[in-house]
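Work through the three exercises below with the structure open. Try each task before reading its solution.

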Amino acid sequence: MKTAGTSGPSAGGAEPFLANGLLYVVPYGSTRLEARDPATGAKRWDADISGCPTVRYVGDAVLLMSPDGRRVRSLDSATGAERWTRRLAEAGSFWAASSGTDGPLFVATATDDHTTTVRAIDPGTGTVLWEKHPAGTLNPVAVSGGALFLLSRDSDDATDAVVRVDIATHAVRRVPLPSPVEQTQATVAGDTVYLIAYTGSLLAVDTRRATQLWRLETSVTRSSPPVVAGNRVYLSAGDGRLLAVDAAHGVLLGQTKLRMRSGAATLSSLLPAPLAAPGEVIASAPDGSVFAVDSRDPSRW
């Protein structure tokens, strides 16, 4: 699942998700979530998500969030039956969960006193388990390795820090960036957060050691969310290139050719994240192609 910036609407062509023996998908242009048998394609159940189009999968529950971030519906993932519906946050809240695994659901709500209320919620009952009030305006990125990761935004709406909240101890660690970056997308691998800015700056921030590991200027002015697989970071550029970067050292390992339509310039309004599969990376491009490259030696792309 896409995690950068976290809460995005799922209606109108969500990425398929496989969990609990079912394939969950929202067909393009539809406002219904379908649960299908992955072997036969037979539909097991479907549900209207027009009022709550953001979808998260936690344990044996499918959670649906309203566009304003206030309301949550919980459905049984096996049957689609509604378990509960609650208002758990205020307008402008952002949600995060560790998709497909057991664990809390999180909601972050910025307050007027320049803090963010972070609540951990039991997905089975909708009960608030605990809450913290770290400083700053924070948006959740992902839940990974027993922690919630968030990005801090300054008064210019640029990312100025990465924040880690330990799920077990509730301890908060803030890692300031040496310089703010604008319009970021991010992903998490272990304790490291990888951020890509609209201007092409790619950063790695180690939240355990509280330091920025490296920063690479990719020359990509518009990109997909980054994806981490093994010791590589992959991202797609708006001109159709697929880039591979060494995750430990921030060195560009290789990139594919441009893939643009001939004639007038084409810019896709959506740049899906690449998919890392065994031995290959799969990506899409503005020329309408979907392509796969050998992941073993990006220098040969």
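**Exercise 1.** Which residues does Arg73 touch, not counting residues up to four places away in sequence?

*Solution.* The model is predicted. Start with location: Arg73 lies in strand S7, residues 71–76. Next, list the contacts. Arg73 touches Asp48, Cys52, Val62, Leu63, Leu64, Glu82, Trp84 and Thr85. Then look at Asp48: its backbone oxygen is reached by the Arg73 side chain at 3.0 Å. Last, check accessibility. Buried means under 20%. Arg73 has 17% relative accessibility, so it counts as buried.

**Exercise 2.** Determine how strand S19 is enclosed and paired.

*Solution.* Count burial in S19 (residues 201–206). Six of the six residues are buried, so the strand is largely enclosed by the rest of the structure. Sort the side chains by direction. Ser201, Leu203 and Val205 point one way, while Leu202, Ala204 and Asp206 point the other way.

Now take the partners. S18 (residues 192–196) pairs with S19 in the antiparallel sense over five bridges. S20 (residues 211–217) pairs with S19, also antiparallel, over six bridges. Leu202 links both pairings: its bridge partners are Ile196 and, in S20, Leu216.

Finish with the hairpins. Between S18 and S19 lie four residues, and Gly200 takes a positive phi near 105°. Between S19 and S20 lie four residues, and Ala210 takes a positive phi near 55°.

**Exercise 3.** Which strands stand at the edges of the sheet with the order S21-S22-S23-S24?

*Solution.* The sheet is open, with four strands in antiparallel pairing. S21 (227–229) and S24 (252–255) each have a single partner strand, so one side of each lacks a neighbour in the sheet. Neighbouring strands are turned by 25° against each other on average, direction ignored. Inspect one pair: three bridges join S23 (residues 242–246) to S24. There, Leu243 stands opposite Gln255.

Key
Residues are numbered from 1 along each chain as its sequence is written. This is a predicted model: local features need pLDDT of at least 70, side-chain atom pairs count only at pLDDT 80 or more; totals for chains, interfaces and linings use all residues. Side-chain values use heavy atoms; hydrogens and water are left out. Helices (H or I, at least four residues) and strands (E, at least two) are DSSP runs, numbered from the N terminus. Buried means under 20% relative accessible area, exposed over 50%, partly exposed in between (1.4 Å probe, protein chains only). A polar contact is a pair of N or O atoms within 3.5 Å; within protein, one must be able to donate a hydrogen and the other to accept it, and residues adjacent in sequence count only if both atoms are side-chain atoms. Contact means heavy atoms within 4.5 Å. Two strands pair if DSSP finds at least two bridges between them. Axes are lines fitted to C-alpha atoms, for helices over the stretch in contact, and angles run from 0 to 180 degrees between N-to-C directions.
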